[in-house]
Amino acid sequence: MADVKQFKLPDVGEGLTEADIVSWKVKPGDTVTVNQVIVEIETAKSLVELPCPFDGVVTEVLVPEGQSVDVGTPIIAVDVSADAGAGSSAGGPGPHDAVPAGSTPAGTAPTTQGEGVALAEVNDPAAGSQAAEDLVPSPPEGETAREPGIEGSPAPKIERQAVLVGYGVKLGTTTRRPRKGGKAGGGSGAGQAPAEPVGPPGASGNGTSERTGAVDRPLAKPPVRKLAKDLGVDLAALTGSGPEGTITREDVQAAAAGPATEAPAAMAAPAVPAGGEERIPIRGVRKHTALAVSASAFTAPHVTEFLQIDVTETMAAVQRLRELPEFEGWRPSPLLLVAKALMLAVARHPMINSSWDEQAQEIVVKHYVNLGIAAATGRGLLVPNIKNAHTLSLPGLARAISELAITAREGKTQPADLARGTITITNVGVFGVDTGTPILTPGESAILALGQVKPAPWVHEGELAVRQVTTLALSFDHRIVDGDLGSAVLRDIGAMLTDPIRMIAWG
């Protein structure tokens with residue numbers, strides 16, 4: 001008997017509610033094992049690879065690439081029966097049948113929040129407990145452990161139980177598919193609609209079900225739903241021409257085209273100018289960034305101050321650092337010394353490194369620096385941060401900044417790297433501009449922008465000379481930071497970059 005389980009899209013952290021399917025690593029008919037990466041998804045914050053929680057054979061990919069899905073939506077079906085793919089005849093519950101909701105199989109150690117998949121052998125209670133102890137990581141300090149729920153039907157015996165730790169996914173949902181003649185068998189192939197529980201077929205049309213008498217979603221495959229969404233077609237208004245009333249691609253295209261004679265001339269769509277238009281779905285990082293900057297701009301009253309400085313000595317110091325063996329392979333840039341100057345300014349003026357707690361009506365001063373570095377990527381703006389950056393040596397800070405940038409460019413920044421930042425630097429100079437008015441990262445009180453460094457006339461030691469000049473811009477939350485504090489911070493940063501020896505004196 002086929003024993004098909006559906007893997008639901010988990011919450012991979014930070015309370016995310018949806019994700020986009022970027023690429024599938026498997027296809028129907030492939031054999032998969034526990035912990036094998038099967039899909040890459042894009043959340044509002046990063047790209048994440050999801051491991052498979054089952055051993056078995058893929059019967060169906062339920063969500064195509066490029067589609068957005070809500071957390072908890074089944075995305076793939078896997079036949080976990082011992083004779084997966086062989087089409088065995090109907091029978092009693094298999095060894096992989098699911099465990100009732102709220103129960104835990106004997107011999108399975110409680111799981112804690114973390115990352116990855118832990119596999120416990122539960123035939124032997126001692127072995128299962130030890131396996132869980134070895135494979136399940138401890139929760140991060142200060143966080144509360146959570147157990148993922150398990151739902152499904154009772155089983156007399158469980159041979160292996162996969163637990164996706166820390167993702168909040170409920171495992172064990174079992175779907176049985178009818179064979180011709182009413183016998184249970186293997187899963188369907190690629191391109192078929194997601195499985196429904198066995199029962200009388202629903203009525204054709206808009207998806208009314210004879211099983212419950214309720215109106216469900218119109219019957220349509222995910223690619224057809226996406227096409228309808230893109231074309232602005234309401235599936236509920238269509239009568240499907242496919243099997244059992246399933247709405248097909250042709251039905252959607254016909255509805256989108258419509259009879260040319262039915263639309264009055266006054267209602268005809270306006271002509272599109274030459275060159276046309278392009279509509280880009282707002283999703284993933286772009287969607288998250290839009291929400292974050294909008295919330296920040298309309299919550300925190302922003303003030304931005306500017307300071308133009310001579311950084312000739314800083315540029316010479318950067319060149320000298322590149323020659324030292326401690327920085328080999330990391331290639332220090334002016335950003336390194338700007339970051340160091342900012343953290344020294346934070347130590348001199350701690351209130352600049354704080355946040356506003358509206359609910360508690362308190363200002364929270366952070367006596368540590370999780371330094372955010374804004375990074376432009378092909379997927380949008382990311383602001384990963386270096387945890388406890390204030391504790392790093394200068395070579396250590398150079399290495400952390402370099403690794404952060406590489407990870408962001410490769411699209412491998414993890415949600416934890418984007419959380420709990422305290423203050424941010426954005427280097428707009430790399431785009432060839434002098435300055436900007438940066439928007440605060442939500443939950444922070446200040447952000448420093450570094451403009452391009454360029455030769456410019458400057459009065460140096462009483463004479464006009466060509467010097468290396470840049471412009472700094474500091475935006476801050478005026479609820480926390482007044483003009484006096486903001487000016488003092490910006491002035492101190494400027495003084496250290498004008499004369500880098502001050503960093504040694506003030507450090």
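**Figure 1. Close-up of the salt bridge between R467 and E313**. In this predicted model, R467 and E313 form a salt bridge in which the closest N and O atoms are 3.9 Å apart. The pair links distant parts of the chain, since R467 belongs to strand β22 (residues 463-477) and E313 to helix α5 (residues 312-322), 154 residues apart. R467 has a relative accessibility of 12% and therefore counts as buried. E313, by contrast, is partly exposed, with a relative accessible area of 41%. A search of the whole structure finds ten salt bridges, and the views in Figures 2 and 3 show further examples.

**Figure 2. Close-up of the salt bridge between R320 and E323**. The side chains of R320 and E323 meet at a distance of 3.5 Å, N to O. R320 is partly exposed, its relative accessible area being 47%. E323 has a relative accessibility of 52% and so counts as exposed, because the cut-off for an exposed residue is a value over 50%.

**Figure 3. Close-up of the salt bridge between R348 and D492**. Here the two side chains come together in a salt bridge of 3.0 Å, N to O. R348 is part of helix α6 (residues 334-348) and D492 is part of helix α9 (residues 483-498), so the salt bridge ties together parts that are 144 residues apart in sequence. With a relative accessibility of 39%, R348 counts as partly exposed. D492 counts as buried, at 7% relative accessibility. Elsewhere, salt bridges that share partners join D310, E313 and R467 into one network.

**Figure 4. Close-up of helix α4 (residues 284-299) and its buried side**. Helix α4 has 16 residues, which should span 22 Å at 1.5 Å a residue. The C-alpha atoms at the ends of α4 are 23 Å apart, in agreement with that expectation. The buried residues of α4 are G284, V285, T289, A292 and S296. These residues cover an arc of only 105 degrees around the axis, and they therefore lie on the same side of α4. The cover over the buried residues of α4 includes β2 (18-24), β4 (37-42), β12 (302-310) and β17 (380-382). On the face of α4 turned away from the buried side are the exposed residues R286, L291 and F298.

**Figure 5. Close-up of D417 and the residues in contact with D417**. D417 is located in helix α8 (residues 415-418). Its relative accessibility is 31%, so D417 counts as partly exposed. When neighbours within four places in sequence are left aside, D417 is in contact with V383, P384, N385 and K387. L404 and D417 are 13 residues apart in sequence, and their C-alpha atoms are 9.0 Å apart in space.

**Figure 6. Close-up of a nonpolar surface patch formed by M351, W356 and I363**. Together, M351, W356 and I363 have about 230 Å² of accessible area. W356 is found in strand β13 (residues 354-357). The relative accessible area of W356 is 31%, and this residue is therefore partly exposed.

Methods:
Residues are numbered from 1 along each chain as its sequence is written. This is a predicted model: local features need pLDDT of at least 70, side-chain atom pairs count only at pLDDT 80 or more; totals for chains, interfaces and linings use all residues. Side-chain values use heavy atoms; hydrogens and water are left out. Patches are made of residues with over 30% relative accessible area and no salt bridge: like charges are joined within 9 Å, nonpolar side chains (Val, Leu, Ile, Met, Phe, Trp, Tyr) within 5 Å. Accessible areas come from the Shrake-Rupley method with a 1.4 Å probe; for residues, only the protein chains shown count as cover. A salt bridge is a side-chain nitrogen of Lys or Arg within 4 Å of a carboxyl oxygen of Asp or Glu. Helices (H or I, at least four residues) and strands (E, at least two) are DSSP runs, numbered from the N terminus. Buried means under 20% relative accessible area, exposed over 50%, partly exposed in between (1.4 Å probe, protein chains only). The expected span of a helix is 1.5 Å times one less than its number of residues. The arc is that of the directions from the helix axis to the C-beta atoms. Contact means heavy atoms within 4.5 Å.
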